[in-house]
Amino acid sequence: MRLARQPSTRRPPDIYGAKLLFEFCVLVSSKASDMRLCEERLVLVNAPTARHALKQATAQGKASQYQYKNGDGNPVRFRFVGVLDLCHLGGECEPNEVWYELRHRLRPMERRRTLIPKAGDLSAIRSEKRT
């Protein structure tokens with residue numbers, strides 16, 4: 001006798017693109033400059049909801065932090081500032097695609113409350129609220 005497998009009632013996770021903001025904070029004489037090189041990195045996250053995706057993206061950003069000494073012997077901290085945006089992705093996204101951008105910003109970590117939107121203002125979470 002052969003038993004038929006019941007189809008899963010669980011929905012497969014959706015794919016989200018999270019735009020993460022990082023800064024390179026160089027300390028010279030224990031002081032950081034106001035203008036800092038920043039990286040905007042897009043990462044893919046598989047999650048059942050936008051809130052789960054935000055949590056995973058934030059954890060991934062925090063796990064990416066590191067520090068080192070530059071050629072002048074000054075400490076450099078690569079710090080996660082926050083999630084700039086979160087988008088629900090469809091068929092337009094290729095597997096394992098990641099993009100990023102580098103730009104200079106004025107004191108991003110100190111201004112994160114104005115740079116990083118509240119969770120409810122992120123695109124994917126706003127979209128889920130509407131449905």
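**Exercise 1. Classify K19 by accessibility and describe its salt bridge with E40.**

Step 1. K19 has a relative accessibility of 29%, so K19 counts as partly exposed. The classes are buried (under 20% relative accessible area), exposed (over 50%) and partly exposed (in between), with a 1.4 Å probe and protein chains only.

Step 2. This is a predicted model, in which local features need pLDDT of at least 70, side-chain atom pairs count only at pLDDT 80 or more, and totals for chains, interfaces and linings use all residues. Residues are numbered from 1 along each chain as its sequence is written, and side-chain values use heavy atoms, with hydrogens and water left out.

Step 3. K19 and E40 form a salt bridge through their side chains, at 3.1 Å from N to O. The term requires a side-chain nitrogen of Lys or Arg within 4 Å of a carboxyl oxygen of Asp or Glu. Side chains of opposite charge can pair when their charged atoms come close.

Step 4. Because K19 lies in strand 1 and E40 in strand 3, the pair ties together parts that are 21 residues apart in sequence. Helices (H or I, at least four residues) and strands (E, at least two) are DSSP runs, numbered from the N terminus.

Step 5. E40 is buried, at a relative accessible area of 3%. A network of salt bridges links K19 and E40 with R103 and R105.

**Exercise 2. Describe the salt bridges of R36 and R41.**

Step 1. The structure holds eight salt bridges.

Step 2. In one of them, the side chains of R36 and E110 meet at 2.7 Å, N to O. R36 belongs to strand 3 and E110 to the loop between strand 6 (100-106) and helix 2 (112-115), so this pair ties together parts that are 74 residues apart in sequence.

Step 3. R36 is buried, with a relative accessible area of 3%, whereas E110 is partly exposed at 42%.

Step 4. R41 has a salt bridge to E39, with 2.6 Å between the closest N and O atoms. E39 counts as buried at 10% relative accessibility.

**Exercise 3. Place N74 and describe the hairpin of strand 4 and strand 5.**

Step 1. N74 sits in the loop between strand 4 (66-69) and strand 5.

Step 2. Is N74 buried or exposed? Its relative accessibility is 18%, so N74 counts as buried.

Step 3. Apart from neighbours within four places in sequence, N74 is in contact (heavy atoms within 4.5 Å) with V26, L27, V28, Y68 and K69.

Step 4. Strand 4 and strand 5 run antiparallel and are joined by four bridges; strands pair if DSSP finds at least two bridges between them. Y66 has F78 in strand 5 as its bridge partner.

Step 5. Five residues separate the two strands of this hairpin, and G73 in the turn has a positive phi of about 85 degrees.

**Exercise 4. Identify the nonpolar cores and the order of elements.**

Step 1. A nonpolar core is a set of buried Ala, Val, Leu, Ile, Met, Phe, Trp, Tyr and Cys residues joined through side-chain atoms within 4.5 Å. The largest one has 20 residues, of which Y16, L20, V83 and L86 touch the most other members.

Step 2. Two or more residues of this core come from each of strand 1 (14-28), strand 3 (35-47), helix 1 (50-63), strand 5 (75-89) and helix 3 (123-130).

Step 3. A second, separate core of seven residues has L21, C38, V81 and L115 among its members.

Step 4. The chain has three helices and six strands, in the order β-β-β-α-β-β-β-α-α from the N terminus. Of its 131 residues, 34% are buried.
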